[in-house]
Amino acid sequence: MGTIRVISGADVKKLFTLPMAIGAVEKAYLQKHTGEGSVWPMVFHEFDPGHADLDIKSGNLDAEGIFGLKLVSWFGANPEKKLPALYGTSLICDLATGAPKAVLNAGPVTDLRTGAAGAIGAKYLARPDSKNLLMVGCGELSAYLVAATLLALPGLTQVTVVNPNHPAKAAEKLAALEEKVKALLHDAHVETAATFAATEDVETAVGAADVILTATPSRAPMIQSAWVKPGTHISCVGADMSGKQEIDPQILTKARVFGDDEGQCLSVGECQLGHEAGLLEKLTGEIGAVIAGELPGRTSAEDITVFDSTGIALQDLGSAAVILKSAEAQSAGQVVEL
């Protein structure tokens with residue numbers, strides 16, 4: 001029957017860095033645009049609404065010779081059982097034969113590739129002279145998003161953290177977030193001179209920001225249209241399921257709006273509610289077209305730009321392909337008989 005390589009979370013952390021994630025995700029977006037990669041229909045199932053669910057994202061990357069899927073399950077009661085609430089597993093198969101090639105712990109992959117996605121939006125859509133970065137939300141993903149964006153836009157000099165729903169948490173978590181960001185950059189052999197601060201004043205922080213990253217589970221706008229100055233870029237990461245929303249949909253009416261997958265953005269992403277309300281008929285385009293140089297990200301320094309990062313399977317497949325290649329070269333992971 002053949003063999004399959006099992007790559008643990010510890011293996012992933014040794015094999016995969018933030019710069020590698022940025023390269024893999026950017027390439028995957030480009031392959032989607034050129035038709036070398038395809039996103040397949042997403043599966044979402046609730047075992048117990050509001051308490052336990054799963055989603056499956058899948059697709060293929062022709063240039064890598066693979067297809068596969070990532071299954072993420074969430075069981076809200078697990079922490080009470082001293083278990084993780086989230087489990088993520090990726091399966092990679094040979095595109096020519098269908099043979100399974102690898103199973104990966106997708107948890108650390110998801111952290112890195114999600115951080116990379118928000119940063120790629122900023123890389124291609126933010127003003128090159130951007131200085132002030134605002135991180136909205138201070139959960140697990142925030143350090144990965146900030147670190148990746150500092151890599152993508154090395155001219156950034158100020159990082160401000162805000163947590164609208166629980167304002168005091170930004171200050172409580174600032175030191176740990178800064179430490180994690182600097183550790184991720186250190187692993188990438190990069191140091192940053194950016195200063196870090198926390199605030200409870202969302203409106204003022206938004207008005208001062210050149211680049212805004214959002215990563216929360218919010219279902220109501222936290223950033224109002226009137227607060228956003230001309231020239232601002234926003235990468236929205238939190239809205240990955242129907243009904244989630246982080247920014248005022250009026251922002252979409254005056255912005256150049258890009259996404260990772262238009263259909264997914266309009267049905268389950270940050271753009272969903274604005275689209276359903278008739279405020280946004282379609283996206284300006286997908287980020288892959290900007291990376292390819294076929295569509296301008298911004299047309300002037302005054303443009304407001306939005307990147308709706310809903311999360312697509314190709315991010316995971318592209319990352320897994322890089323990890324698998326490294327694992328094979330270094331004899332990492334465990335090869336087992338099927």
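How far apart are the end C-alpha atoms of helix α5, and what span should its 20 residues have? The model examined here is predicted, so to speak of local features a pLDDT of at least 70 is needed, side-chain atom pairs count only at pLDDT 80 or more, and totals for chains, interfaces and linings use all residues. Residues are numbered from 1 along each chain as its sequence is written, and side-chain values use heavy atoms, with hydrogens and water left out.

Helices (H or I, at least four residues) and strands (E, at least two) are DSSP runs, numbered from the N terminus. Helix α5 covers residues 168–187; at 1.5 Å a residue it should span 28 Å, and its end C-alpha atoms are 30 Å apart, which agrees. The expected span is 1.5 Å times one less than the number of residues. Along the way, α5 bends by about 50 degrees at L174, the bend being the angle between axes fitted to the seven residues ending there and the seven starting there. L174 is also one of the buried residues of α5, together with A170, L177, V181, L184 and L185; buried means under 20% relative accessible area, exposed over 50%, and partly exposed in between, with a 1.4 Å probe and protein chains only. Their cover includes α2 (18–34), α3 (106–125), α4 (140–152), β9 (158–162) and β10 (195–198). Just after the helix, H189 takes a positive phi of about 60 degrees.

Two of these covering elements, β9 and β10, belong to an open sheet of eight strands in the order β10-β9-β8-β11-β13-β17-β15-β16, with parallel pairing. Its edge strands, β10 and β16 (285–286), each pair on one side only. Two strands pair if DSSP finds at least two bridges between them; β8 (residues 132–136) and β9 have five, in the parallel sense, and L134 has T160 in β9 as its bridge partner. Helix α3 packs on this sheet, touching β11 (211–214), β13 (233–236), β15 (255–259) and β17 (304–308). Contact here means heavy atoms within 4.5 Å. The direction of α3 makes about 160 degrees with that of β13, where axes are lines fitted to C-alpha atoms, for helices over the stretch in contact, and angles run from 0 to 180 degrees between N-to-C directions.

Antiparallel pairing appears around strand β4 (residues 52–61), in which nine of the ten residues are buried. Strand β2 (residues 37–39) is joined to β4 by three antiparallel bridges, and G37 is partnered with L61. Five antiparallel bridges link β3 (residues 43–48) with β4, and D48 stands opposite A52. These two strands form a hairpin with three residues between them, where G50 in the turn has a positive phi of about 85 degrees. With β5, strand β4 shares ten antiparallel bridges, including that of N60 with F67. A second hairpin results, with four residues between β4 and β5 and a positive phi of about 70 degrees at G65 in the turn.

Positive phi values also occur in residues other than glycine. K82 has one of about 60 degrees, in the loop between β5 (66–75) and β6 (86–94), and is exposed at 78% relative accessibility. S331, with phi near 55 degrees, sits in the loop between α11 (313–330) and β18 (334–337) and is exposed at 60%.

Finally, the structure holds zero disulfides, a disulfide being a pair of cysteine sulfur atoms within 2.5 Å. The sulfur of C265 has its closest cysteine sulfur in C271, 5.5 Å away and too far for a bond.
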